[in-house]
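Dear colleague,

I am passing on the structure we spoke about, with the sequence alongside. Please have a look at it first; my notes on what was found follow below.

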Amino acid sequence: DYIPYHDGLWELFSAHTGSALFPFLEKLGLKASFSNCTIHAALSTPKMQKYLNQSAITSLLLLQQSHYSNKSELTLYSDSYFLSDGLEFSLVRRSLD
């Protein structure tokens, strides 16, 4: 995960005792109101194979997410890798009418 840097951010994060990132961001006034997600096919690297306990190159899905405030300011960017056989998602489409 990548957070736009603000002065004192590292010190505040180091003192943060919770495991959840979104409550920490909200304390900084960086509440995520919406996100944009792009999904790509990817192949695992040797480092990923070790982390995922895979012995061979594996097909992965890369989710690149940008989270924005209600003012459309970037609050968080993340790259998340998932085994392609272990991901299920549901898509909701709405009319803008």
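Asn53 is found in the loop that joins helix H3 (46-51) to strand S2 (59-68), and in this model, which is a predicted one, its backbone has a positive phi of about 60° although the residue is not a glycine. Most residues other than glycine have a negative phi, which is the reason for pointing this position out to you. As for its surroundings, Asn53 counts as exposed because its relative accessibility is 71%, the cut-off for that word being over 50%.

A second residue belongs beside this one in your notes. Ser72, which is not a glycine either, has a positive phi of about 65°, and Ser72 lies in the loop between S2 and strand S3 (74-83).

To place these two loops in the chain, it may help to know that the protein has three helices and three strands, and that, read from the N terminus, these elements follow the order α-α-β-α-β-β.

Turning to the chain as a whole, 22% of its 97 residues are buried, while the surface that the chain exposes comes to about 7,800 Å², with carbon and sulfur atoms supplying 53% of that area. Among the contacts whose separation is 6 or more, 46% are between residues that stand 24 or more positions apart.

When you open the model, you might begin with Asn53 in the loop after H3 and then go on to Ser72 in the loop between S2 and S3.

With best wishes

Notes. Residues are numbered from 1 along each chain as its sequence is written. This is a predicted model: local features need pLDDT of at least 70, side-chain atom pairs count only at pLDDT 80 or more; totals for chains, interfaces and linings use all residues. Side-chain values use heavy atoms; hydrogens and water are left out. Helices (H or I, at least four residues) and strands (E, at least two) are DSSP runs, numbered from the N terminus. Buried means under 20% relative accessible area, exposed over 50%, partly exposed in between (1.4 Å probe, protein chains only). Contact means heavy atoms within 4.5 Å. Accessible areas come from the Shrake-Rupley method with a 1.4 Å probe; for residues, only the protein chains shown count as cover.
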